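Q: Could we go through how the helices pack in this model, and then how the chains meet?

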Amino acid sequence: MILQLTKIRTKLTALLLLSSLVATSIASGALSLYWVSLRLTALGDDLETTANALGKTCHATIAFNVPEETNRLLLTLKRKPTVVQARILAPETQTFAEYLRDGQPAVDAALPPPPYPARRVGWNSLEVVTEIVRDGERIGLFYVRDDMATIWSSLSALLLVIPLVVLGALGVTYAAMRRLQRGMTLPITALAETAAQVSQGRNYALRAEKQSPDEIGELTDAFNTMLGEIEAGNTALENYHNRLEALVQERTAALHQAQEQLVQKERLAVLGQLTATVSHELRNPMGSISNALFNLQLALEADRRDLVDSSLSVANRNVERCDRIIGELLDYSRKGKLVEREIEVDPWLQELLEEMIWPAQIRLHTDLRSGACFHGDGDRLRRAVLNVIINAQQALQDAEIPEKTVQVITRVVGDRLHIVIEDNGPGIPEELRGRIFEPLFSTKVYGIGLGMAAVEEIMRCHDGGVELHSPEGGGCRFILWIPFKTTHGAKNAD
Amino acid sequence: MPTERKILIVEDDVDFAGTLTLPLEMRHHSVQIAYNGFEAIRISQDQAFDVCFLDIKMPGMTGIECLRKIKELLPATTRFVMMTGFRDEALFEEARQAGAREILLKPFKMAEFLRWAEELSD
């Protein structure tokens, strides 16, 4: 019922039927009341007439004080079956004669108050009192009571008819309304349907059809105007959006181009710097080789075997230097895909350390007990570890300390594998620590400054990194770490 | 045989400095090597040289900085010759401003080096 009431047609129908019901009910009630009052007046008049006539008839019997005869005269009231009781009071308060309809108990009610004639209406009684006047003198009072049976029976018949009349009126109203309301609800439902279509399809080009020139028509016009405004606003917004999009794309493209140019420029600058550094670094050993060849000739001419040997060894050493520089350059510039495999870090590192050449004065301590496995490019990681160890060896070479040591440790810290390489050399001055991984940064006589940059690049390719710790007291600790997310680490507690 | 000369070589590359020393010594010149600028200054405080060869790129102190300092210590007749693997005109100009007579580009011909070592001061 409540659900059905959500439709405007149902609501309208319910409202009109209710109004109709109330209106016909009120009208029927009012009419019934009016009818009852008319009937009461008529009945009262009739009783008064009867009382006056009977009172006159009883003049003689009252005058001669013959109550029996008066009672007999009152029996004529039997012709009026609704009269329940009649009484002649003479003098004023004493009952002189009385009539009671068959089976009725005598009611000794107080009389309606004067002046007379007087009437009193109760739920089921109409009482009338008239004066009995003889020769202008009141000789008694005539009291008569009617049970209004005729009125009640007619009223009940009427009350049976009224609902039928109301029902009929409702039927007629409903039929008429069905016809009339179509004209009212159709424009509203059409408007509602259009609104629903607009909101579902976001199609603001739709318009509701105006079906009548009334308020609903005005509403339709206002709705259509609103749709027009939304459509115009939408189009403007869309145009603005498109313009903005185009502008953003244009700017982005310009930015990309600028960025590419910048990258290109930077790349060229780096390349320029790299070329300058590498060519300088190559020219030194090449100069040595060239000089050694000149000296070799001198030595041969002078037949100095010792000088021949020393010149040849200088030449050889410097050819190796050239080769190392080229190797360093290649390591750094190698950007190819990682060739990954499963590596057991401890034996892998052990083998690597054993293959290396260790100067006699440097002692190697190892603690390779991580038990970890990881996924990585063995060749490139080998280069990273080698570069750090060579760096440590070179740092120790010139240091004046009694016992030179390099420590290599593997361990699992959280979700990372750490390879720790530590030396007890002079350490790295604080002002240089930030630059140690910069490409082309070198503090050495020999070197193009790509070794540590290559280490950082290799670790970065493995999603890891390299950390430098160099305490004030000297020594240097590099931690090469790889996260276990790219490894299948068989973890092992420290 | 040219006159015996006193020569200072300032060069951080041990092999390069060594290969320059041999031919000079075989030609009876007196050669001193300084492996960095500080060492060159120290040596120049005690000794005089006819010719100074300086490498430009050295850690700690560049050859040009070193030249400016030892020029004050050495006789005005001393000749300064730079040696470098860089090809940088601005750097060369700076060296000339500082007092370098010539820039030798590594790797250079030994004959040229010897010519500069043995050429008499003008």
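Q: How do α5 of chain A and α1 of chain B sit, and at what angle do the axes cross?
A: In this predicted model, the axes of helix α5 of chain A, residues 215-301, and helix α1 of chain B, residues 14-26, come within 8 Å and cross at roughly 25°. Because angles under 35 degrees count as roughly parallel, that crossing makes α5(A) roughly parallel to α1(B).

Q: And what is the hand of the crossing of α5(A) and α1(B), left or right?
A: The crossing of α5(A) and α1(B) is left-handed.

Q: Which residues meet there, in α5(A) and in α1(B)?
A: From α5(A) come A:Asn284, A:Gly287, A:Ser288, A:Asn291, A:Ala292, A:Phe294, A:Asn295 and A:Leu298, and in α1(B) they meet B:Asp15, B:Phe16, B:Thr19, B:Leu20, B:Leu22, B:Pro23 and B:Met26. Sorted by class, this contact of α5(A) with α1(B) has 8 nonpolar, 6 polar and 1 charged residues.

Q: Staying with α5(A), how does α6(A) cross it?
A: Helix α6 of chain A covers residues 305-333, and its axis and that of α5(A) come within 8 Å, with a crossing of roughly 165°. The two helices, α5(A) and α6(A), are therefore roughly antiparallel to each other, and their crossing is left-handed. By class, the contact of α5(A) with α6(A) has 19 nonpolar, 4 polar and 2 charged residues.

Q: Zooming out to the chains, how many residues does the contact take from chain A and from chain B?
A: The contact takes 20 residues from chain A and 18 residues from chain B. On the side of chain A that touches chain B, the elements that give two or more residues are α5 and α6 of chain A, and the largest share, 14 residues, comes from α5(A).

Q: What classes do the residues on that side of chain A divide into?
A: The side of chain A that touches chain B divides into 8 nonpolar, 10 polar and 2 charged residues.

Q: Switching to chain B itself, what is its secondary structure, and what pattern does it follow?
A: Chain B comes to 5 helices and 5 strands, and, when read along the sequence, these follow the pattern β-α-β-α-β-α-β-α-β-α.

Q: How much of chain B counts as buried, and what share of its contacts join residues at least 24 apart?
A: Of the 122 residues of chain B, 42% count as buried. Taking the contacts in chain B between residues at least 6 apart in sequence, 62% join residues at least 24 apart.

Terms used
Residues are numbered from 1 along each chain as its sequence is written. Chains are lettered from A and ligands numbered from 1 in the order in which they are written. This is a predicted model: local features need pLDDT of at least 70, side-chain atom pairs count only at pLDDT 80 or more; totals for chains, interfaces and linings use all residues. Axes are lines fitted to C-alpha atoms, for helices over the stretch in contact, and angles run from 0 to 180 degrees between N-to-C directions. Helices (H or I, at least four residues) and strands (E, at least two) are DSSP runs, numbered from the N terminus. Angles under 35 degrees count as roughly parallel, over 145 as roughly antiparallel, 65 to 115 as roughly perpendicular and the rest as oblique. A crossing is left-handed if the near helix is turned anticlockwise from the far one by less than a right angle, and right-handed if clockwise. Two residues are in contact if their C-beta atoms, placed from the backbone, lie within 7 Å. Ala, Val, Leu, Ile, Met, Phe, Trp, Tyr, Cys and Pro count as nonpolar, Asp, Glu, Lys and Arg as charged, and the others, Gly among them, as polar. A residue is buried if 20 or more other C-beta atoms lie within 10 Å of its own, exposed if 12 or fewer, and partly exposed in between; C-beta atoms are placed from the backbone.
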